[in-house]
Amino acid sequence: MRSIRRQLLSAVLGSFVLAAAMLGLAGPASAHDAAESSSPAQGATVAAPPEKVSVTFSNKPLGIGSQFSVKDASGTEWADGAVEIVDNVASQKLKAGAPASAYTVSWRVVSSDSHPIEGTFGFTATAAAAGAAPATGSTSSPAVPGMGTAQPGSTATPAPVPDASQPFPWSLVVFAAVAVGLLVAIGVLARRRLGAGGDDEGAA
C-alpha cells in the first residue's frame, strides 16, 4: 500500500520537475532580439542630415527582409540603396542633398531567431546636407526625391508584422504534454492499486 503511494508521489513530483525544466529552456528561446540604440538618437537634433542612419540590436539580425524608410516632414523618401548589416548594426544610406527638416526613420529587420521586428525613431536636421539644391533652383530639383518613389512602396509591408512577430506559444504545448503524461501516470498507478486491492480481497 505504501509502495503504491510512493510511486504515485514520485510520478507527480517527476512530472512537475520535468515541466519546470522544459519551461525554463523554452522561456529564453521565445525572446526576440531588441533594438538597443539608434544613430542619430531618438529625438536628437543634428546640424545636417547624416550620410546614413543605423540601429544597433542586442544580436545580429538576419540578412534577409531588412527595410529602412527615411522620410522628411513633407513625406519625401531619402533612403538610398539596400540595408547594410555589419555585426549587430543595421545601416541605411541617405541620398545626397537632404534638406533641413524633421525626419522619421522606420525600420524592419528579421531577428536572429527568424522573427521580424520593427520600430521607428526621429531626429531633426537644422540645415541641409552638403550638395542640397539651392532654393532658387528650377522645378527640376524636386525630381531627385521623386526617384525614391519605389522605396515607400516597399515600406508598406510592415503592416502584417505585429501578427507575424508573435511567438508560437510553446509553453502551452509543454503544459499540455505534461498534463497528459501526468494523467496517464496517475491512471496506470490507480489501476495497479485497484488490481492489488482486488487480489488482497480474493486472497482473504
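Tutor: A contact means that heavy atoms lie within 4.5 Å. The model is predicted, and local features need pLDDT of at least 70, side-chain atom pairs count only at pLDDT 80 or more, and totals for chains, interfaces and linings use all residues. Residues are numbered from 1 along each chain as its sequence is written, while side-chain values use heavy atoms, with hydrogens and water left out.

Student: Among contacts in the chain with a separation of 6 or more, what percentage is accounted for by residues 24 or more positions apart?

Tutor: The chain holds five helices (DSSP runs of H or I, at least four residues) and eight strands (runs of E, at least two), numbered from the N terminus. Read along the sequence, they follow the pattern α-β-β-β-β-β-β-β-β-α-α-α-α. For contacts with a separation of 6 or more, the part that comes from residues 24 or more positions apart is 68%.

Student: In what order do the strands of the open sheet of four strands lie?

Tutor: Two strands pair if DSSP finds at least two bridges between them, and the edge strands β2 (44-46) and β4 each pair on one side only. Neighbouring strands of this sheet are turned by 25 degrees against each other on average, direction ignored, the axes being lines fitted to C-alpha atoms. With mixed pairing, the order is β2-β8-β7-β4.

Student: Which residue in β7 is the bridge partner of Ser-69?

Tutor: β4 and β7 run antiparallel and are joined by six bridges. In β7, the partner of Ser-69 is Ser-106.

Student: Which residues have the most contacts inside the largest nonpolar core?

Tutor: Such a core is a set of buried Ala, Val, Leu, Ile, Met, Phe, Trp, Tyr and Cys residues joined through side-chain atoms within 4.5 Å, where buried means under 20% relative accessible area, exposed over 50% and partly exposed in between (1.4 Å probe, protein chains only). The largest one has 18 residues, and β3 (52-57), β4 (62-71), β7 (101-110) and β8 (116-125) each supply at least two of them. Not counting residues up to four places away in sequence, Val-53 touches, among others, Phe-68, Val-105 and Phe-121. Inside the core, the most contacts belong to Val-53 and Trp-107.

Student: How far apart in space, C-alpha to C-alpha, are Gly-119 and Trp-107?

Tutor: Gly-119 has its place in strand β8 and counts as buried because its relative accessible area is 19%. Not counting residues up to four places away in sequence, Gly-119 touches Val-105, Ser-106 and Trp-107. Gly-119 and Trp-107 are twelve residues apart in sequence, and their C-alpha to C-alpha distance is 5.5 Å.

Methods. Axes are lines fitted to C-alpha atoms, for helices over the stretch in contact, and angles run from 0 to 180 degrees between N-to-C directions.
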